[in-house]
Amino acid sequence: MEAFKWGIIGPGSIANDFADDLKYVSRPQVITSVLSHREESAKAFAEKHTVPEYYTDINAFVSKRNFDAVYIATPHTLHYEQALTCLNAGIPVLCEKPLVINADQVRDLIHAAEINKCFLLEGMWIRFLPSINTVLELIEKDKIGKVISVKASMSYKAPRDEDNRYFNPELGGGSLLDLGIYPVFLSHLLLGKPAKITAAGKLSPDGVDETSAILFSYESGAHALLESSIITQSELSAEIAGDKGVIKIMSPWNEKPSAIILKEYARNEEEELPCEWVGRGFQYQVEEVIRCVEANEIYSNLYCHHFSLDIMETLDEVRRQLHVHYEKFE
């Protein structure tokens, strides 16, 4: 079977995890090119993962195009221009989350994917994990009945380092886009786009959100309570409560949780469902990308373009209420 070929843009830690998980994909995978703004980073990644070509210029990278798709793993302020360049060259794109900085940029990328008939997927890799699929199956089987509430948080006590993105507004810093997008994704997946959004948070002296607390209200009467923080560290669990039972995704809920706990009110007992797979789990997302690209599809039915747009419109509204503005990009 012929190998599926990848080009990598941004050879940082997440790209290394992605590359390590390629060996778990059912079809052979190979990385043929890597692009970085620093030659030493590109060269080090190429040597580690046996990549034959490395670049520092995106035009040279794109024009050579010796790959079937690109994976973009740069800081999210760079996603828009890099993804747009690839889409306009007819290159399928898997781009790390958040896809871009705001909803207008999402619309631009969707338009580029449509006019170029080119695949585009936001890299919300947890959508494809067995843990999330287990949760969806339990809900589909009516194990917890109608979903009434979703509670989820993401926190990481980020280092106050001048070189990292977390507290830097020019790099789209803050807890919401980096961490809060995970709970927002989960609520959108299970309940859809909220009818009403209420948000509060703590801002840094530079105007990025160090914390965010979000309430989503739905016309059905359901709600979601979501949190993110880059100045505290709490248990990373999530809970979905219905009128027949509760599902708890144990920590770390957004990666490989220790277990999923199901409690049905009528049975008054808990069932523990294990969560086990090899690697970190990027292989499941890769399988979906390959399926879509080979079927000449421009989006995945499991995470379509307008799902990305709905999430970004929600994040834009949360940022508006928090008074977080990325003036360089808006």
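These legends go with a set of close-up views of a predicted model.

**View A. Helix 6 packs against helix 7.**
Two packed helices are described by the angle between their axes and the distance between the axes. Here, helix 6 (residues 130-140) and helix 7 (residues 175-191) pack at an angle of about 30 degrees, and their axes are 12 Å apart. Angles under 35 degrees count as roughly parallel, and helix 6 and helix 7 are therefore roughly parallel to each other. Their crossing is right-handed. On the helix 6 side, look for Ile132, Leu136 and Ile139, which meet Leu186, Leu189 and Leu190 of helix 7. The residues of this contact split into 6 nonpolar, no polar and no charged.

**View B. Strand 1 pairs with strand 2.**
Strand 1 (residues 4-9) has 5 of its 6 residues buried, so it is largely enclosed by the rest of the structure. Strand 2 (residues 29-35) pairs with strand 1 in the parallel sense, over 6 bridges. To get your bearings, find isoleucine 8, whose bridge partner in strand 2 is valine 34.

**View C. Strand 5 is covered on both faces.**
In a regular strand the side chains alternate between the two faces of the sheet. For strand 5 (residues 93-96), Val93 and Cys95 sit on one side, Leu94 and Glu96 on the other, and all are buried. Strand 4 (residues 69-72) runs parallel to strand 5 and is joined to it by 3 bridges. Valine 70 is the residue standing opposite valine 93 in strand 5.

**View D. A cis peptide bond follows in the loop after strand 5.**
The bond between lysine 97 and proline 98 is cis, with omega about -15 degrees. Proline 98 has its place in the loop between strand 5 and helix 5 (103-115). The loop between helix 5 and strand 6 (120-123) is where you find lysine 117. Phi of lysine 117 is near 50 degrees, a positive value in a residue other than glycine. Is lysine 117 buried or exposed? Lysine 117 is exposed, with a relative accessible area of 71%.

**View E. An open sheet of 8 strands.**
Read across the sheet and the strand order is 8-9-10-7-11-12-13-14, with mixed pairing. Strand 8 (196-203) and strand 14 stand at the edges; each has a single partner strand, so one side of each is left without a neighbour in the sheet. From one strand to the next, the twist averages 10 degrees. Helix 9 (residues 305-322) lies across strand 8 and strand 9 (209-217), and runs at about 50 degrees to strand 8.

**View F. Strand 12 between strand 11 and strand 13.**
Strand 12 is mostly covered, with 4 of its 5 residues buried. Strand 11 (residues 238-242) pairs with strand 12 in the antiparallel sense over 4 bridges. With 2 residues between them, strand 11 and strand 12 form a hairpin. A handy pair to pick out is alanine 238 opposite isoleucine 249 in strand 12. Strand 13 also runs antiparallel to strand 12, and 5 bridges join the two. Which residue of strand 13 is the bridge partner of glycine 245? That partner is glutamate 264.

**View G. A second loop with a cis peptide bond, between strand 12 and strand 13.**
Serine 251 and proline 252 are joined by a cis peptide bond, and omega is about -10 degrees. Look for proline 252 in the loop that runs between strand 12 (245-249) and strand 13 (260-264).

**View H. Strand 13, strand 14 and the loop between them.**
Strand 13 and strand 14 (269-273) run antiparallel and are joined by 5 bridges. Among the residues to look for is lysine 263, whose bridge partner in strand 14 is glutamate 270. Asparagine 268 lies in the loop between strand 13 and strand 14. Phi of asparagine 268 is near 55 degrees, which is a positive value in a residue other than glycine. Asparagine 268 is exposed, and its relative accessible area is 59%.

How values were computed
Residues numbered from 1 in each chain as written. Predicted model: local features only at pLDDT ≥ 70, side-chain atom pairs only at ≥ 80, totals over all residues. Heavy atoms only, no water. Axes fitted to C-alpha atoms, helices over the stretch in contact; angles between N-to-C directions. Parallel < 35°, antiparallel > 145°, perpendicular 65-115°, else oblique. Left-handed = near helix turned anticlockwise from the far one by under 90°. Contact = heavy atoms within 4.5 Å. Nonpolar A, V, L, I, M, F, W, Y, C, P; charged D, E, K, R; others polar. Buried < 20%, exposed > 50% of the residue type's maximum accessible area, 1.4 Å probe, protein only. Pairing = 2+ DSSP bridges.
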